[in-house]
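Hello,

I am passing a structure on to you, since you will be working with it from here. Please open it first, and then read my notes beneath it.

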Amino acid sequence: MSSSSQWDAYLFETEAVNTPGTVPITIVIPLRNDIHAITLDQNFTFEDRTPNVRDIHPKELTVHGGTELTVVGSNFEAESNPQMNLTQKAINTLDGTKTFDEVKYPPTPCSVLKQSEMTCKTPELQLPSSEEFGSFKAEYRFGFIFDGFEDRQDFEGNITSEITVEIAVVELHSISEHHWPPYDATRRQPLHIEISWGHFQHEAVVRVGGIRSNITERFVNRLLFLPPDEAQLKPESGCKTSKEAHSVEVAAGNTNRHVGCLTYDPDDDTPLRMILVFAVCGVVAVVVVASIIAFYIVQKRKNKDGE
């Protein structure tokens, strides 16, 4: 008996599992002329670890891009370096006379929050002008690329998961110019901005002088915010109207809107100066009076001695 045939009875290969499921665990004991199989009272579960995308939200994108999408699914792993691959299908005018070609946007990286959720940001969209196309409908296909799945791969060696959803593309409107009184940082009273950006209201950030402000409350039609300390602001953040004023901007994604200029109240140290002046004058007066009294006493004593 050859060395290889001696070990043949101890070598066996399990059958491939094509679909996820549960199978019993069996121990096979080779005998001289037979085998003895013992099935344990335990099972082994085969799971499909292939990433799967089920849904995305919100169902709105801004024209300028930067919209943070939440992607819901399963088997998301940071090690697979997920990327979103957005494709904009060709856009036709309503009468079919003009066509805006399909746009394949470069893949953008996604961040895995947990196995069932990750976030991706959209690129700036390329759309035809409304003057040329009038009203039109845009359709998008969201592809998601995951590295390291050789069993189900495309021509690049990566697995691709796709989902088709209805998406509304919106352009966030401009905000009217706001005028605030000089801000007193010692009082810490929030300022307000009148704004109605729908879903993107909760994504809006306020920057004063290029520094992000603390938003204290969000309403459907306005934001309340606390400006940062003036010492934190960037020197080049002034407004055209005044070098002492600082630009106030509201942003969501890549959309950025100028909403006004803000000045700060100068430090009010007048009462302190008055107290210091009075205190110094009081000291001088005491010294002068004491000197006069001492001089008078000395002179009087000398006069008495002379007498």
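Below is what I found in it, starting with the overall make-up.

This is a predicted model, in which local features need pLDDT of at least 70 and side-chain atom pairs count only at pLDDT 80 or more, while totals for chains, interfaces and linings use all residues. Residues are numbered from 1 along each chain as its sequence is written, and side-chain values use heavy atoms, with hydrogens and water left out.

**Overall**

The protein has 3 helices and 22 strands (DSSP runs numbered from the N terminus, H or I of at least four residues for helices and E of at least two for strands). Of its 307 residues, 30% are buried (under 20% relative accessible area, with a 1.4 Å probe and protein chains only). If you take the contacts (heavy atoms within 4.5 Å) between residues at least 6 apart in sequence, 57% of them join residues at least 24 apart.

**Disulfides**

Searching the whole structure turns up 2 disulfides (pairs of cysteine sulfur atoms within 2.5 Å). One joins Cys110 to Cys120, with an S to S distance of 2.1 Å. Cys110 sits in strand 10 (residues 108–114) and Cys120 in strand 11 (residues 117–121), so this bond ties together parts 10 residues apart in sequence. The link is right-handed, with 110° about the S-S bond, and both Cys110 and Cys120 are buried.

The other disulfide is formed by Cys239 and Cys261, whose sulfur atoms are 2.1 Å apart. Its torsion about the S-S bond is about -110°, so the disulfide of Cys239 and Cys261 is left-handed. This pair links distant parts of the chain, 22 residues apart: Cys239 is in the loop between strand 20 (222–226) and strand 21 (246–252), and Cys261 is in strand 22 (residues 255–262). Cys239 and Cys261 are both buried as well.

**Nonpolar cores**

The largest nonpolar core (buried Ala, Val, Leu, Ile, Met, Phe, Trp, Tyr and Cys residues joined through side-chain atoms within 4.5 Å) has 24 residues, and those touching the most other members are Val53, Ile56, Val71, Met84, Met118, Phe142 and Phe144. Two or more residues each come from strand 3 (52–57), strand 5 (68–74), strand 6 (83–88), strand 11 and strand 12 (140–146). Strand 12 gives the most, with 4 residues.

Val71 is a good place to begin looking. Beyond its neighbours within four places in sequence, Val71 has contacts that include Val53, Ile56, Met118, Cys120 and Phe144. Apart from this core lies another, of 23 residues, among them Leu172, Ile193, Val248 and Tyr264.

Best wishes

Methods
Buried means under 20% relative accessible area, exposed over 50%, partly exposed in between (1.4 Å probe, protein chains only).
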